[in-house]
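Visitor: I would like to go through this model with you, one region at a time. May I start as soon as it is on the screen?

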Amino acid sequence: MCICATDPNCTSTVAIYDVDQAWTHKPIFLKRYTVPGLVVACSPTDSLLSSTLECYYDNTDCFRTLMNYTKQTYISNVEQSAWFDVPALTYNQSNSRFALHMPVSTMLRQTMIERRHDSLDYDRFSESCPP
């Protein structure tokens, strides 16, 4: 178990738990499912950046499990609930330069421009596009 107050880089995997309804003094949490690729960290931003998107793609059972549990929890806790199905992401390895298990932080770093190199050459432009 990690504590953010003593370790700001603390992370752990996300899991779905049920509470044992027969508890008397202290609740008993039963782990039902470990969500692959999802990480909980000391802040929501760190959690997102440390996680992968693998659970949100259509070629995994994880997405169906996560959506079923979310729907079940939502409907049982909200009066007059209106549910809508969220489609899974489509992953095509041949069309993506990002691996399925790549952390969001790596994807973000690889999509950002680190440095812009401006090169203005009016003479060369005038030669290539004469009036």
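Visitor: What covers the buried residues of helix 3?
Guide: The cover over the buried residues of helix 3 includes helix 1. Please note that this is a predicted model, in which local features need pLDDT of at least 70, side-chain atom pairs count only at pLDDT 80 or more, and totals for chains, interfaces and linings use all residues. Residues are numbered from 1 along each chain as its sequence is written, and side-chain values use heavy atoms, with hydrogens and water left out.

Visitor: Which residues of helix 3 are buried?
Guide: Val 104, Ser 105, Thr 106 and Met 107 are the buried residues of helix 3, which spans residues 104-111. Buried means under 20% relative accessible area, exposed means over 50%, and partly exposed lies in between (1.4 Å probe, protein chains only). Helices (H or I, at least four residues) and strands (E, at least two) are DSSP runs, numbered from the N terminus.

Visitor: And Met 112, is that buried or exposed?
Guide: Met 112 is exposed, at a relative accessible area of 53%. Met 112 belongs to the loop between helix 3 and helix 4 (122-128). Its C-alpha lies 35 Å from that of Asn 68, and 44 residues separate the two in sequence.

Visitor: Let us turn to helix 1. What does Ser 50 touch?
Guide: Not counting residues up to four places away in sequence, Ser 50 touches Thr 11, Val 39 and Pro 103. Contact here means heavy atoms within 4.5 Å. Ser 50 is found in helix 1 and is partly exposed, with a relative accessible area of 34%.

Visitor: How far apart in space are Ser 50 and Gln 72?
Guide: From C-alpha to C-alpha, Ser 50 and Gln 72 are 27 Å apart, with their positions 22 residues apart in sequence.

Visitor: Gln 72 brings me to helix 2. How many residues does helix 2 have?
Guide: Helix 2 has 17 residues, and its first and last C-alpha atoms are 24 Å apart. That is close to the 24 Å expected at 1.5 Å a residue, where the expected span is 1.5 Å times one less than the number of residues.

Visitor: Which residues are buried there?
Guide: Cys 62, Phe 63, Leu 66 and Met 67 are buried in helix 2. They cover an arc of only 120° around the axis, so they are on the same side of helix 2; the arc is that of the directions from the helix axis to the C-beta atoms.

Visitor: What do they pack against?
Guide: The buried residues of helix 2 pack against strand 1 and strand 2. The face turned away from the buried side carries the exposed residues Asp 61, Asn 68, Gln 72 and Ser 76.

Visitor: And Tyr 69, what is that in contact with?
Guide: Leaving aside neighbours within four places in sequence, Tyr 69 is in contact with Ile 16, Tyr 17 and Asp 18. Tyr 69 is found in helix 2 and is partly exposed, with a relative accessible area of 27%. Between Tyr 69 and Tyr 33 the C-alpha distance is 9.9 Å, although they are 36 residues apart in sequence.

Visitor: A change of topic: how many salt bridges does the structure hold?
Guide: The structure holds two salt bridges, each defined as a side-chain nitrogen of Lys or Arg within 4 Å of a carboxyl oxygen of Asp or Glu. In one, the side chains of Asp 18 and Arg 32 meet at 2.9 Å, N to O. Asp 18 lies in strand 1 and Arg 32 in strand 2 (residues 29-41), so the pair ties together parts that are 14 residues apart in sequence. Asp 18 is partly exposed, with a relative accessible area of 28%, whereas Arg 32 counts as exposed at 52%.

Visitor: What does Arg 64 form a salt bridge with?
Guide: Arg 64 pairs with Asp 61, the closest N and O atoms being 2.3 Å apart. Both are in helix 2 (residues 61-77), three residues apart, and are therefore separated by about one helical turn. Arg 64 is partly exposed at 44% relative accessible area, while Asp 61 counts as exposed at 53%.

Visitor: Finally, which residues form the nonpolar patch on the surface?
Guide: Tyr 17, Val 19 and Phe 29 form that patch, with about 290 Å² of accessible area together. Patches are made of residues with over 30% relative accessible area and no salt bridge; like charges are joined within 9 Å, and nonpolar side chains (Val, Leu, Ile, Met, Phe, Trp, Tyr) within 5 Å. Accessible areas come from the Shrake-Rupley method with a 1.4 Å probe, and for residues only the protein chains shown count as cover. Val 19 lies in strand 1 (residues 11-19) and is partly exposed, with a relative accessible area of 34%.
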